[in-house]
Amino acid sequence: MSTTTVSLADVLRERRRTGSRPGRRDDGHRVALAIEGGGSRAAYSAGMVLAIDEAGLTDCFDDVYGTSGGALNGAWLLSGEAQRWIRSWAWPEVAAAKVTDPRRLLWGGPVVDLGRLVHHVYEKVTPMDFDAILANPIGFHPIATDAVTGEAADLAPYVTDRLGAQTALRASSCIPLLAGPPVRVGDRRYVDGGLSEGVPFRTALAQGASHVLVLRTRRTDQRAVPPSRVERALLAPYFLRHGRAAGVAHIGRHRTYAADDLELAAGTTAAVPTLVEVRPALGSPDVTRLSGDLTTIDAAIDHGRVVMSDFLDRVPD
């Protein structure tokens, strides 16, 4: 963790005051935004991202790290059009595209069709400006899990063109079994980053971030639980075929989340908080990973926006 004596709030305040621009800093800090995954639960971080952009703070960050749905929200932020499109998590026209459809199991298709998401929804329904993401001086780091080693992987080196960015988003969000086989990026195969680094602040710190703002999609009373015996039995053939190490990561990921919770709670309450998390409040709606309840998803977006706005109110000009 950083040993700086300047808090995250102070850095954000000063950067906003001075109009500091990414790629042209002189304050000696490297500030990262790290966005937790969680499928439809990422509606919460969508609202948080929306509040950050509305507050004019996007350019205060040097890098954006995202896992699964968090990577999707990070991409919207860096596209420059978050305020226009990020609420589409709850739009009927997006739901009508059937990115998630259990009926595809009947003919051997994936329950979650990520190709349909990035090559149809993000091309024709809610067009994502991938060129703007590539041109943005803020680094974009989709986090995935190496199917062979089970380790977290930063796919930023592959985000060099439109197809590379789309493929990285698919890899970061590739839920084992439900989204089909691992996604090939370069000469490796990847699955959902949530198996190895569901809350991607550790990679940010390892890569030199001095400050990290972490957007969470779980309340403090929500804990990751180990996979059930039935879930493990259903996934066993998948991991035997595509990567045993990823299977081990899947089984133990609840312990990783528990360690993350402890470190982030300590960082947020430190005397000089440089590692800070923002979470949905107690009592906020439950959103399941594959939820299609648009009313609940829309409420989660609103809640995330309010929670982040409240946090940012403590970072005055």
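Two residues are taken to be in contact when heavy atoms of the pair lie within 4.5 Å. By this criterion, of the contacts in the chain that link residues at least 6 apart in sequence, 76% join residues at least 24 apart. The structure analysed here is a predicted model.

The chain comprises 13 helices and 8 strands. Its radius of gyration is 18 Å, close to the 20 Å expected from the globule rule for 317 residues, so the chain is as compact as a globular protein of that length. The C-alpha trace extends over about 55 × 40 × 40 Å along its principal axes. Of the 317 residues, 56% are buried. The area exposed by the chain amounts to about 13400 Å², of which 53% is supplied by carbon and sulfur atoms. With respect to charge, 36 positive and 37 negative side chains are present, and the centres of these two sets are separated by 6 Å.

Among individual positions, R219 was examined in detail. This residue is located in the loop between β7 (211-215) and α11 (229-242). Its relative accessible area is 9%; because buried residues are those under 20%, R219 falls in the buried class. Two polar partners of its side chain were identified. The side chain of D221 forms a polar contact with that of R219 at 2.8 Å, and the backbone oxygen of S284 is reached by the R219 side chain at 2.8 Å. When neighbours within four places in sequence are set aside, the residues in contact with R219 are R279, P280, A281, L282, G283, S284, P285 and D286. S284 thus appears both in this list of contacts and as the residue whose backbone oxygen is reached by the arginine side chain.

Backbone geometry was considered next. Most residues other than glycine have a negative phi. Against this background, S68 and L177 were noted. The phi of S68 is near 55 degrees, a positive value in a residue other than glycine. S68 is situated in the loop between β2 (63-67) and α3 (69-79), and its relative accessibility of 4% places this serine among the buried residues. A positive phi, near 70 degrees, is also found at L177, again a residue other than glycine. L177 belongs to the loop between α8 (162-172) and β5 (183-185). With a relative accessibility of 43%, L177 is classed as partly exposed, whereas S68 is buried.

Methods: Residues numbered from 1 in each chain as written. Predicted model: local features only at pLDDT ≥ 70, side-chain atom pairs only at ≥ 80, totals over all residues. Heavy atoms only, no water. Helix = DSSP H or I, 4+ residues; strand = E, 2+ residues; numbered from the N terminus. Buried < 20%, exposed > 50% of the residue type's maximum accessible area, 1.4 Å probe, protein only. Polar contact = N/O pair within 3.5 Å; in protein donor to acceptor, adjacent residues only side chain to side chain. Rg over C-alpha atoms; globule rule 2.2 N^0.38 Å. Areas by Shrake-Rupley, 256 points an atom, 1.4 Å probe, with all protein chains shown as cover. Lys, Arg positive; Asp, Glu negative; His and termini not counted. Charge placed at Lys NZ, Arg CZ, Asp CG, Glu CD.
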